[in-house]
Amino acid sequence: MVRVRLEGMTDEVQRIADAMQAAGCVLERSREYPNCGESRYVRVYLDCDLPKEVSLHD
């Protein structure tokens, strides 16, 4: 399991997180957290793992 932090504009973060979830990589997804100050960016944390269908070869 790997924790991934996505940071960017709300629509971009949602789009990437949704795509990763659809691919079966996301075990858990946090809510959106606004960045400090007057930043327009948000961040989302994903706990990810490879789907069982994916096999890696050395």
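Modeller: Buried means under 20% relative accessible area, exposed means over 50%, and partly exposed lies in between. Keep that in mind for this predicted model.

Colleague: Is Y33 buried, exposed or partly exposed?
Modeller: Its relative accessibility is 27%. The buried class stops under 20%, and the exposed class starts over 50%. Y33 therefore counts as partly exposed.

Colleague: How many residues of β4 are buried?
Modeller: Strand β4 covers residues 42-48. That strand is mostly covered. Of its 7 residues, the buried ones number 6.

Colleague: Which strand does β4 join through 7 bridges?
Modeller: β4 pairs with more than one strand, so take them by bridge count. With β3 there are 2 bridges, antiparallel. With β2 (residues 26-29) there are 3, also antiparallel. The antiparallel partner with 7 bridges is β1, residues 2-8.

Colleague: Which residue of β4 stands opposite G8?
Modeller: G8 falls within strand β1, residues 2-8. β1 and β4 run antiparallel. Opposite G8 in β4 is V42.

Colleague: What is the bridge partner of E28 in β4?
Modeller: E28 falls within strand β2, residues 26-29. β2 and β4 pair in the antiparallel sense. The partner of E28 is D47.

Colleague: Which residue of β4 stands opposite Y33?
Modeller: Y33 lies in strand β3, residues 33-34. β3 and β4 run antiparallel. Opposite Y33 in β4 is R43.

Colleague: How far from R43 is the nearest side chain of opposite charge?
Modeller: R43 is buried yet has no salt bridge. A salt bridge needs the charged atoms within 4 Å. The nearest candidate is E7, and its distance is 6.3 Å.

Colleague: Which side chain makes a polar contact with the side chain of R43?
Modeller: R43 touches several residues, including R5, E7, P34 and N35. From P34, the backbone oxygen lies 3.1 Å from a polar atom of the R43 side chain. The side-chain to side-chain polar contact, at 2.9 Å, is with N35.

Colleague: What kind of aromatic pair do Y33 and Y45 form?
Modeller: The structure holds 1 aromatic pair. The ring centres of Y33 and Y45 are 6.0 Å apart, with 65° between the planes. Planes over 60 degrees apart set the class. The pair is edge-to-face.

Colleague: How many residues apart in sequence are the parts that this pair ties together?
Modeller: Y33 lies in β3 and Y45 in β4. The pair therefore ties together two parts of the chain. Their separation in sequence is 12 residues.

Terms used. Residues numbered from 1 in each chain as written. Predicted model: local features only at pLDDT ≥ 70, side-chain atom pairs only at ≥ 80, totals over all residues. Heavy atoms only, no water. Helix = DSSP H or I, 4+ residues; strand = E, 2+ residues; numbered from the N terminus. Buried < 20%, exposed > 50% of the residue type's maximum accessible area, 1.4 Å probe, protein only. Lys, Arg positive; Asp, Glu negative; His and termini not counted. Polar contact = N/O pair within 3.5 Å; in protein donor to acceptor, adjacent residues only side chain to side chain. Contact = heavy atoms within 4.5 Å. Phe/Tyr/Trp six-rings, centres within 6.5 Å; stacked < 30°, edge-to-face > 60°. Lists of a residue's contacts leave out its neighbours within four places in sequence.
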